[in-house]
Amino acid sequence: MTPVTSGPVAPAERGETRIADRVVAKIAGQAAREALRGNQRDADPPRATVSIHQDRARVRVSVELGYPTDIGRQCGAVRRRVTERVEGLTGMTVPEVAVQVEKLRVATGRTQGRAR
């Protein structure tokens with residue numbers, strides 16, 4: 001029978017948890033989608049790539065935005081939400097979130113087909 005020890009386990013004996021880059025990228029992409037909710041009806045979903053070094057994750061997110069929109073406000077919302085979610089769910093520090101606007105999509109439906 002193996003003896004059961006009580007008390008704290010030394011850090012070296014606890015092991016470590018590694019979170020794959022693609023998992024962090026998935027979290028970042030979902031967070032960007034959440035930040036743009038209501039603005040993404042016909043848009044392609046955001047795509048994210050991540051570079052992880054130790055406990056720091058640098059994130060790059062590509063998004064498609066509706067036009068007209070306040071691009072700076074939308075990108076700021078994406079940066080804040082991605083940072084919040086990645087840090088909260090992984091415990092990593094996110095020193096950089098680069099948001100790349102891939103495409104501006106003109107709203108359809110309301111303005112098309114109107115006579116002037």
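Start with the contacts across the whole chain: of those between residues at least 6 apart in sequence, 68% join residues at least 24 apart. Keep in mind that this is a predicted model.

Now colour by secondary structure. You should find three helices and three strands, and walking along the sequence gives the pattern α-α-β-β-α-β. Switch on the surface next: the chain exposes about 8,600 Å², with carbon and sulfur atoms supplying 48% of that area. As for what the surface hides, buried residues account for 32% of the 116 residues in the chain.

**Stop one: strand E2**

Select residues 56–67, which make up strand E2. Three residues here are worth a visit.

Begin with Ser62, which is found in strand E2. Is Ser62 buried or exposed? Its relative accessibility is 11%, and because the cut-off for buried is under 20%, Ser62 counts as buried. Show what surrounds Ser62: beyond its neighbours within four places in sequence, Ser62 is in contact with Pro46, Arg47, Gln100 and Glu102. Draw a distance between the side chains of Ser62 and Glu102, and you will find a polar contact of 3.4 Å.

Move along to Glu64, also placed in strand E2. With a relative accessible area of 6%, Glu64 is buried too. Which partners does the Glu64 side chain have? Show the side chain of Arg105, and you will see that it makes a polar contact with the side chain of Glu64, at 3.2 Å. Then bring up the backbone of Asp44: the backbone nitrogen of Asp44 lies 3.5 Å from a polar atom of the Glu64 side chain.

Next comes Leu65, another residue in strand E2. Leu65 has a relative accessibility of 1% and so counts as buried. Now add Leu104 to the selection and check the C-alpha atoms. How far apart are Leu65 and Leu104 in space? The two C-alpha atoms are 5.0 Å apart, although 39 residues separate Leu65 and Leu104 in sequence.

**Stop two: a pocket**

Leave the strand and go to the second largest pocket, which has a volume of about 170 Å³. To outline this pocket, select Thr17, Arg18, Ile19, Ile52, Gln54, Asp55, Thr90 and Met92, the residues that line it. Colour the selection by residue class, and the lining of the second largest pocket shows three nonpolar, three polar and two charged residues.

Technical notes
Residues numbered from 1 in each chain as written. Predicted model: local features only at pLDDT ≥ 70, side-chain atom pairs only at ≥ 80, totals over all residues. Heavy atoms only, no water. Helix = DSSP H or I, 4+ residues; strand = E, 2+ residues; numbered from the N terminus. Buried < 20%, exposed > 50% of the residue type's maximum accessible area, 1.4 Å probe, protein only. Polar contact = N/O pair within 3.5 Å; in protein donor to acceptor, adjacent residues only side chain to side chain. 1 Å grid on protein atoms, 1.4 Å probe; cavity = no way out; pocket = protein on both sides within 12 Å on 5 of 7 lines; lining within 4 Å. Points joined across faces, edges and corners; volume = space filled by probe spheres on them. Nonpolar A, V, L, I, M, F, W, Y, C, P; charged D, E, K, R; others polar. Contact = heavy atoms within 4.5 Å. Areas by Shrake-Rupley, 256 points an atom, 1.4 Å probe, with all protein chains shown as cover.
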